[in-house]
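Work through the exercises below with the sequence and the model open. Each task is followed by a solution in steps.

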Amino acid sequence: MTQPTPERVDLLIEAGWVVPVEPHGVVLEDHAVAVRDGAIVALLPIAEARARFEAAATVSRPDAALMPGLVNAHTHNPMTLLRGVADDLPLKTWLQDHIWPIEAAVIGPEFVADGVTLAIAEMLRGGTTCVNENYFFPDVQAAVYKQHGFRARVGLPVIDFPTAWAKSDDEYFARAGEVHDQWRDDPLVSTAFAPHAPYTVSDANFERVRMLSDQLDVPVHLHLHETAQEVQQSLDEHGQRPIARLDRLGLFNDRLIAVHMTQLTEAEIHLCRERGVSVVHCPESNLKLASGFCPACALERAGVNLAIGTDGCASNNDLDMFGETRTAAILAKAVAQDASALDAATALRAATLGGARAIGLDHLVGSIEPGKQADLVCVDLSALETQPLHHVHSQLVYATGRHQVSDVWIAGRARLRSRELVDIDAAALIANARQWRTRIAALGR
């Protein structure tokens with residue numbers, strides 16, 4: 001009997017364990033993922049994969065877990081160059097007296113490009129393959145992400161005062177339109193509107209954002225209910241809490257990516273569910289700035305889509321999504337006073353598929369399913385720090401460090417191989433970061 005001709009694929013990744021995320025809570029032992037033209041063709045037992053496919057390249061990781069790439073659902077990546085410049089300060093003081101003045105002195109295309117490049121390297125080494133970005137010069141950001149083959153949704157900034165990016169309301173929107181048009185059909189880089197926060201954006205500009213978001217079918221990425229002070233300021237100035245104000249303006253809907261959300265009533269949690277709003281939990285930044293506690297467990301149990309983000313390196317101070325996910329899971333238990341809150345599998349889903357859903361890319365990434373893009377991460381679980389291995393989800397969330405990430409692929413293209421960055425000069429990045437440290441230190445802040 002004639003044997004069937006093997007199907008040709010570009011890549012076969014074999015792993016001791018595959019964590020597909022969808023279906024929820026599943027771990028598949030001794031499985032392989034086949035990749036062709038950047039997409040996942042099949043997920044099946046290793047023996048079946050070897051019989052069915054002829055691969056141009058095979059990567060075998062018997063001591064590793066293969067999982068979807070982590071999705072950092074909120075960050076300001078150019079701010080890697082401001083890591084540690086103004087620590088141990090409350091949000092308002094940190095932002096208005098330190099971060100904004102430094103940015104005013106250094107921000108520009110060079111700063112943004114260098115900061116994003118440094119962030120990409122850090123994220124790849126930590127297993128992150130997709131980011132929801134929020135900063136100025138989105139045109140520069142998009143070009144850098146594309147250059148390095150990194151998946152990103154880039155925010156189009158809107159704020160009620162002049163910056164190096166735009167000097168007037170009309171210029172913010174005109175430039176946003178230009179960047180969106182340039183990247184609208186790109187397979188890796190997409191856009192979202194990024195009005196900064198309720199306390200820095202007028203009703204008129206929020207209404208313009210809503211209209212354009214509807215017309216262009218793009219998300220809105222917004223800091224919201226980050227602090228008690230923000231809520232009180234909104235009550236004083238608008239007679240409404242920020243969520244009620246956004247709801248009145250038509251922005252509290254299924255395109256909204258609401259970041260932080262530390263100040264929520266039960267009614268607001270249920271309104272998130274009714275409106276289809278996604279919430280991005282940034283626990284370490286909120287803890288460091290003493291901003292409050294996002295009720296992650298209550299949101300998740302109410303049926304709200306929950307994602308995880310690191311925020312920027314100036315307030316975290318890293319882009320470690322493994323660390324962020326662990327903090328999110330543990331903090332959720334303390335806030336809910338329930339040890340079962342945000343269990344390991346649910347936390348890992350928030351850091352992958354939840355983030356992809358929040359930013360509207362869940363049809364492409366966030367889980368290991370045939371037809372999706374091969375944004376994949378291998379995590380070596382053989383080290384003594386992750387032994388013995390009883391439960392893979394628990395090990396990934398509660399014991400694994402980002403230094404255990406061995407391999408990363410984005411759209412099937414290797415970006416980290418056996419812990420070495422592909423096509424990125426780490427020594428040059430470090431040298432460049434040091435010269436930025438000297439330039440920023442010379443400002444005397």
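**Exercise 1: the annotated span**

Task: find how far apart the end C-alpha atoms of residues 66–413 lie, and how much of the span is helix and strand.

Solution. The end C-alpha atoms of residues 66–413 are 15 Å apart. Helix makes up 43% of the span and strand 17%. Here helices (H or I, at least four residues) and strands (E, at least two) are DSSP runs, numbered from the N terminus. The span comes from the UniProt annotation "domain: Amidohydrolase-related", in an unreviewed entry. UniProt positions are given in the numbering used here, feature names are shortened, and annotations may be inferred rather than shown by experiment.

Before going on, note that residues are numbered from 1 along each chain as its sequence is written. The model is predicted: local features need pLDDT of at least 70, side-chain atom pairs count only at pLDDT 80 or more, totals for chains, interfaces and linings use all residues, and side-chain values use heavy atoms, with hydrogens and water left out.

**Exercise 2: the whole chain**

Task: describe the chain by its helices and strands, its radius of gyration and its buried residues.

Solution. Step one: count 15 helices and 16 strands in the chain. Step two: the radius of gyration of the chain is 22 Å, close to the 22 Å that the globule rule gives for 445 residues, so the chain is as compact as a globular protein of that length. This radius is taken over C-alpha atoms, and the rule is 2.2 Å times the number of residues to the power 0.38. Step three: along its principal axes the C-alpha trace spans about 80 × 45 × 45 Å. Step four: 58% of the 445 residues are buried. Buried means under 20% relative accessible area, exposed over 50%, and partly exposed in between (1.4 Å probe, protein chains only). Step five: among contacts between residues at least 6 apart in sequence, 72% join residues at least 24 apart. A contact means heavy atoms within 4.5 Å.

**Exercise 3: two loop residues**

Task: decide whether Q387 and S291 are buried, partly exposed or exposed.

Solution. Q387 sits in the loop between β13 (376–380) and α14 (392–399). Its relative accessibility is 41%, so Q387 counts as partly exposed. Beyond its neighbours within four places in sequence, Q387 contacts L381, S382 and Q395.

S291 belongs to the loop between α10 (283–288) and α11 (296–301). Its relative accessibility is 6%, so S291 counts as buried. Leaving aside neighbours within four places in sequence, the contacts of S291 include L91, E226 and T262.

**Exercise 4: backbone angles**

Task: which peptide bond from E22 is cis, and what is the phi of H260 and of L342?

Solution. Start with the general pattern: most residues other than glycine have a negative phi, and most peptide bonds are trans. The bond from E22 to P23 is cis, with omega near 5°. P23 is in the loop between β1 (7–18) and β2 (28–36). The bond from N316 to N317 is also cis, with omega near 25°. N317 is in the loop between β12 (306–308) and α12 (321–336).

H260 is not a glycine, yet its phi is positive, about 90°. H260 lies in strand β10 (residues 256–260), and at 0% relative accessibility it counts as buried. L342 has a positive phi near 45°. L342 is in the loop between α12 and α13 (344–358), and it is buried, with a relative accessible area of 3%.
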